Amino acid sequence: MWRQRLRLRLGWVGIGLMVATSVALSANRSKQELLDARAQVLARLEVVPFSRLPDVMEKKWDGRGKMTGTRQLEFLDLRVGILRPEHGAEGPPRPAVVFFHGGGFHSGNPDQFFVQADLYADRGAVAFCAEYRLKNNVEVTIAEQVEDARAAIRWVRQNAGAFNVDPDQIVAVGGSAGGYLALASAILPGGRPGAVPNAVVLYNPAIDFDHFANGMGRQNMELSLGGKIEAYSITPNLRKDGPPVILFHGEHDEKIPLRIARRFADRAQELGLSCELVIMPGEGHGFHNRDPYIDSCVNQSVRFLREHGIALAGEN
């Protein structure tokens, strides 16, 4: 299904807080060149199921985008695309980087991070681009989507030997809604053992839900979440033993205001966590999906991760 979708689109320990105001920029690629790059990655992916969910209620839509009903599926398989580095089976165990795409919890596709996955594979990591249940497709709460993300991380750790992965060097990467899932897997209490990443890389993540509740109302927000806003917002749940986090955020993000990222980073600093907030001047939401930021943000993330013991090769 991933291949079909992409073809259609183509025609188919530092402790404390650091704030940067710019990153080194790379050359620009056109939208078509980025689609071509994703297609090249797709051809090299191994796609396998990592979780089978029983009794899932699928949503049905008409051609005008109106939901017409639901039907119960006996099960739904969530899959992960695996991109191994050259000679990945050789040498000592490697870091794993698990990607969670954005899409407002409703939509999106793992191909969003194929180019970044390739860049991490070039630096010696095994990259995993994971699916999770989407609100446009099935009945699911954000709390259940968090469990999908945790299941992906846990599966990578449980199968570390099969992929020559170091189970103590698992990085969760996410953008927007996927950034929330990566961060929630690391921070929120209640997860099963093995589901916490060792480091987190975030692109304009959803962090706390009070901002969204102002627009849609508290009751609707909590129905979407599957629980209380305070229980599923990240900043109130930060703790001193959280993993290191690097967070890239647009100065003029219209969907998730910069103040929310600053509030998170300030609280992390108070707790003595390693948190680096990188502010992109003049940028809005979703800058990480295009050049010149794709390579530059990966380079800066690799530097941060190396400083925290993730054994990636340096910038190419």
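Which residues does phenylalanine 75 touch, not counting residues up to four places away in sequence? The first view below takes up this question. The structure is a predicted model, in which local features need pLDDT of at least 70 and side-chain atom pairs count only at pLDDT 80 or more, while totals for chains, interfaces and linings use all residues. Residues are numbered from 1 along each chain as its sequence is written, and side-chain values use heavy atoms, with hydrogens and water left out.

**View 1. Phenylalanine 75 in strand β3.** Leaving aside residues up to four places away in sequence, phenylalanine 75 touches Arg52, Leu53, Pro54 and Asp55; contact here means heavy atoms within 4.5 Å. Helices (H or I, at least four residues) and strands (E, at least two) are DSSP runs, numbered from the N terminus. The C-alpha atoms of phenylalanine 75 and methionine 57 are separated by 9.2 Å, with their positions 18 residues apart along the chain. Phenylalanine 75 has 34% relative accessibility and counts as partly exposed. On this scale, buried means under 20% relative accessible area, exposed means over 50%, and partly exposed is in between (1.4 Å probe, protein chains only).

**View 2. Arginine 84 pairs with glutamate 46 in a salt bridge.** A salt bridge is a side-chain nitrogen of Lys or Arg within 4 Å of a carboxyl oxygen of Asp or Glu, and by this rule the count comes to 20. In this pair, the closest N and O atoms are 3.1 Å apart. Arginine 84 sits in the loop between β3 (67-83) and β4 (94-100), and glutamate 46 in strand β2 (residues 46-61), so the salt bridge ties together parts that are 38 residues apart in sequence. Both partners are partly exposed: arginine 84 at 37% relative accessibility, glutamate 46 at 34%.

**View 3. Arginine 79 and glutamate 131 form a salt bridge.** Their closest N and O atoms are 2.6 Å apart. Distant parts of the chain are linked here, 52 residues apart: arginine 79 is in strand β3, and glutamate 131 is in the loop between β5 (126-130) and α4 (142-158). Glutamate 131 is buried, at 11% relative accessibility.

**View 4. Arginine 303 reaches glutamate 276 through a salt bridge.** The closest N and O atoms of this pair are 2.8 Å apart. Arginine 303 belongs to helix α10 (residues 293-307) and glutamate 276 to strand β9 (residues 274-280), so parts 27 residues apart in sequence are tied together. Arginine 303 is partly exposed, with a relative accessible area of 28%, whereas glutamate 276 is buried at 4%. Elsewhere, Arg218, Glu222, Lys228 and Glu230 are joined into one network by salt bridges that share partners.

**View 5. Backbone details in three loops.** A cis peptide bond, with omega about 10°, joins aspartate 291 and proline 292; proline 292 lies in the loop between β9 and α10. Phenylalanine 105 is a residue other than glycine with a positive phi, near 70°. You will find phenylalanine 105 in the loop between β4 and α3 (114-122), where it is buried at 8% relative accessibility. Serine 176 also has a positive phi, near 60°, and its place is in the loop between β6 (165-175) and α5 (177-187). Serine 176 is buried, with a relative accessible area of 14%.

**View 6. The largest nonpolar core has 65 residues.** A nonpolar core is a set of buried Ala, Val, Leu, Ile, Met, Phe, Trp, Tyr and Cys residues joined through side-chain atoms within 4.5 Å. Phe100, Phe128, Trp155, Tyr180, Leu183, Ile234 and Phe264 have the most contacts inside the largest core. Beyond residues up to four places away in sequence, phenylalanine 128 touches residues including Val80, Ile82, Val98, Trp155 and Phe163. Apart from this core lies another, of 37 residues, among them Leu83, Phe114, Tyr120 and Val298.

**View 7. Helix α4 meets helix α5.** Ile142, Gln145, Val146, Ala149, Arg150 and Ile153 in α4 meet Tyr180, Leu181, Ala184 and Ser185 in α5. Eleven of the eleven residues of α5 are buried, so this helix is largely enclosed by the rest of the structure.
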